[in-house]
Amino acid sequence: MTVQPYRLYIERREPDKNMARFYALSIEPNLFGETSLVRSWGRIGSRGQQKIHVFDSEAKAVDLLLALLRKKRARGYLPLQ
């Protein structure tokens with residue numbers, strides 16, 4: 001069961017390229033006692049896409065969250081200020 005709530009929202013905006021994207025990550029428990037990492041992404045203002053990864057432990061979900069965050073930060077995504 002998830003003790004610590006994990007929610008992250010980052011954006012990448014480049015007006016000269018007409019780029020405005022978001023990426024959201026959250027770790028949530030599911031009905032079967034497992035831990036889910038929910039990823040949402042797309043253009044800001046749109047519904048975007050979503051993918052759910054299911055893990056048997058919270059630690060594995062946190063590891064994937066951190067790995068995805070590192071990749072997105074390297075590509076220019078930043079938290080809202």
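This section describes the fold, the sheet, the nonpolar core and the salt bridges of a predicted model.

The chain comprises one helix and five strands, and from the N terminus on these elements follow the order β-β-β-β-α-β. Confidence in the prediction is expressed by a mean pLDDT of 93 for the chain, with 96% of the residues reaching 70 or more. Among the elements, strand β4 (residues 49-55) has the highest mean pLDDT, 97, and strand β5 (residues 78-79) the lowest, 94. Along the principal axes, the C-alpha atoms fill a box of roughly 45 × 25 × 20 Å. The accessible surface of the chain amounts to about 5900 Å², and carbon and sulfur atoms account for 53% of that area. Of the 81 residues, 35% count as buried. When contacts between residues at least 6 apart in sequence are considered, 38% of them join residues at least 24 apart.

The five strands are arranged in an open sheet with the order β4-β3-β2-β1-β5 and antiparallel pairing. Strands β4 and β5 form the edges, each pairing on one side only. At the β5 edge, strand β1 (residues 6-14) pairs with β5 in the antiparallel sense through two bridges; within this pairing, Pro79 of β5 is the bridge partner of Ile10.

Strand β3 is joined to β2 by nine bridges, the two strands running antiparallel. In this pairing, Leu25 stands opposite Arg39 of β3. The hairpin of β2 and β3 has five residues between the strands, and Gly33 in this hairpin takes a positive phi near 80 degrees. On the side of β4, seven bridges connect β3 to its antiparallel neighbour, with Ser36 opposite Val54 of β4. Strands β3 and β4 likewise form a hairpin with five residues between them, and Gly45 in the turn has a positive phi of about 95 degrees.

Seven of the nine residues of β3 are buried, so this strand is largely enclosed by the rest of the structure. Ser40 belongs to β3, which spans residues 35-43. With a relative accessible area of 17%, Ser40 is buried, because this value is under the 20% limit. Beyond residues up to four places away in sequence, Ser40 touches Phe22, Tyr23, Ala24, Gln49 and Gln50. Leu37, on the same count, touches Leu25, Ser26, Ile27, Lys51, Ile52, His53, Phe55, Ala61, Leu64, Leu65 and Leu68.

The largest nonpolar core consists of 11 residues, namely Ile10, Tyr23, Leu25, Ile27, Leu37, Phe55, Ala61, Val62, Leu65, Leu68 and Tyr77. Two or more residues of this core are given by each of β2 (19-29) and α1 (58-74). Helix α1 provides the largest share, four residues. Leu37 is itself a member of this core, and its contacts include the core residues Leu25, Ile27, Phe55, Ala61, Leu65 and Leu68. Ile10, the residue bridged to Pro79 of β5, is also part of the core, as is Leu25, the residue opposite Arg39.

Salt bridges in the model number five. One of these links Glu28 with Arg7, the closest N and O atoms being 3.5 Å apart. Glu28 lies in strand β2 and Arg7 in strand β1, so the pair ties together parts that are 21 residues apart in sequence. The two partners fall into separate accessibility classes: Glu28 is partly exposed, with a relative accessible area of 30%, whereas Arg7 counts as exposed at 65%.

Further salt bridges involve residues of the segment that includes Glu11 and Arg13, whose side chains meet at 2.9 Å, N to O. Glu11 counts as buried at 10% relative accessibility, while Arg13, at 53%, counts as exposed. The side chains of Glu14 and Arg12 also meet in a salt bridge, at 3.0 Å, N to O. Arg12 is buried, with a relative accessible area of 11%. Arg12, Glu14 and Lys17 are joined into one network by salt bridges that share partners.

Conventions
Residues numbered from 1 in each chain as written. Heavy atoms only, no water. Buried < 20%, exposed > 50% of the residue type's maximum accessible area, 1.4 Å probe, protein only. Contact = heavy atoms within 4.5 Å. pLDDT = per-residue confidence, 0-100. Core = buried A, V, L, I, M, F, W, Y, C linked by side-chain atoms within 4.5 Å. Pairing = 2+ DSSP bridges. Areas by Shrake-Rupley, 256 points an atom, 1.4 Å probe, with all protein chains shown as cover. Salt bridge = Lys/Arg side-chain N within 4 Å of Asp/Glu carboxyl O.
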